[in-house]
Amino acid sequence: MAVDQENVSKVLSVLSHRLRREILEILCEKGESSFTDLMNALGVDTGKLSFHIRNLQPFIEQTETGKYRLSRAGESAVRVI
């Protein structure tokens, strides 16, 4: 099976940031969390959290109520980290 090195590089780049890994770990522990709850837990401002959530799009998804949770890819990523 051939590995797409470009995709691997993108995934590693996203997961290389400590704050993004913390977001994934919080969602893994809690199941789902609101934007405000994530912001308070991480001690960051709105702009910083928005930036990192956008970068995590393959790994997280929003529920119907607007909360964030891990996608299947996110669950796999948490097992790796």
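# Exercises on helix packing, core and salt bridges

In this model, α2 and α4 pack with their axes 10 Å apart, at an angle of about 75°. The model is a predicted one.

## Exercise 1. The α2–α4 contact

Classify the relative orientation of α2 and α4, then list the residues that form their contact and sort them by class.

Solution.

Step 1. Angles from 65 to 115 degrees count as roughly perpendicular. The angle here is about 75°, so α2 is roughly perpendicular to α4.

Step 2. From α2, the contact uses L19, R20 and I23; from α4, it uses K48, L49, F51, H52 and N55.

Step 3. Sorted by class, the contact of α2 with α4 holds four nonpolar, two polar and two charged residues.

## Exercise 2. The α3–α4 contact

Repeat the analysis for α3 and α4.

Solution.

Step 1. The axes of α3 and α4 lie 10 Å apart, and the packing angle is about 110°. That angle makes α3 roughly perpendicular to α4.

Step 2. On the α3 side the residues are F35, L38, M39 and L42, and they meet T46, L49, S50 and I53 of α4.

Step 3. By class, the contact of α3 with α4 consists of six nonpolar and two polar residues, with no charged residues.

## Exercise 3. Two residues of α4

Decide whether H52 and I53 are buried or exposed, and find their contacts beyond four places in sequence.

Solution.

Step 1. H52 is located in helix α4. The threshold for buried is under 20% relative accessible area; H52 has 4% relative accessibility and therefore counts as buried.

Step 2. With residues up to four places away in sequence left out, H52 touches H17, L19, R20 and I23. Among them, L19, R20 and I23 are the α2 residues of the contact in Exercise 1.

Step 3. I53 also has its place in helix α4. Its relative accessibility is 4%, so I53 counts as buried.

Step 4. Outside its neighbours within four places in sequence, I53 is in contact with F35, L38, I60 and Y68. F35 and L38 belong to the α3 side of the contact in Exercise 2.

Step 5. For a distance check, take the C-alpha atoms of I53 and V11: the two residues are 42 residues apart along the chain, and these atoms are separated by 14 Å.

## Exercise 4. I23 and S33

Determine the setting of I23 in α2 and of S33 in a loop.

Solution.

Step 1. I23 sits in helix α2. At 0% relative accessibility, I23 counts as buried.

Step 2. Not counting residues up to four places away in sequence, I23 touches L38, L42, L49, H52 and L56. The C-alpha atoms of I23 and R54 are 12 Å apart, with their positions 31 residues apart along the chain.

Step 3. S33 lies in the loop between α2 and α3. Its relative accessibility is 3%, so S33 counts as buried.

Step 4. With the same sequence exclusion, S33 touches L27, L38, K67 and Y68.

## Exercise 5. The largest nonpolar core

Identify the most connected members of the largest nonpolar core and the elements that supply it.

Solution.

Step 1. The core has 20 residues, of which L24, L38, L49 and I60 touch the most other members.

Step 2. At least two residues each come from α1 (5–15), α2 (18–30), α3 (35–42), α4 (46–55), β2 (68–70) and α5 (72–80). The largest contribution is from α2, with five residues.

Step 3. Take L24 as an example. Leaving aside neighbours within four places in sequence, L24 is in contact with L15, L56, F59, I60, L70, A77, V78 and I81.

Step 4. As background, nonpolar side chains in soluble globular proteins tend to be buried together.

## Exercise 6. Salt bridges

How many salt bridges does a search of the whole structure find, and which residues form them?

Solution.

Step 1. The search finds two salt bridges.

Step 2. R18 pairs with E22, the closest N and O atoms being 2.5 Å apart. Because R18 and E22 are four residues apart in helix α2, about one helical turn separates them. E22 has a relative accessible area of 24% and is therefore partly exposed.

Step 3. The other salt bridge joins the side chains of E61 and R69, at 2.9 Å from N to O. E61, at 33% relative accessibility, counts as partly exposed. R69 counts as partly exposed too, at 34%.

Note on methods: Residues numbered from 1 in each chain as written. Predicted model: local features only at pLDDT ≥ 70, side-chain atom pairs only at ≥ 80, totals over all residues. Heavy atoms only, no water. Core = buried A, V, L, I, M, F, W, Y, C linked by side-chain atoms within 4.5 Å. Buried < 20%, exposed > 50% of the residue type's maximum accessible area, 1.4 Å probe, protein only. Contact = heavy atoms within 4.5 Å. Salt bridge = Lys/Arg side-chain N within 4 Å of Asp/Glu carboxyl O. Axes fitted to C-alpha atoms, helices over the stretch in contact; angles between N-to-C directions. Parallel < 35°, antiparallel > 145°, perpendicular 65-115°, else oblique. Nonpolar A, V, L, I, M, F, W, Y, C, P; charged D, E, K, R; others polar.
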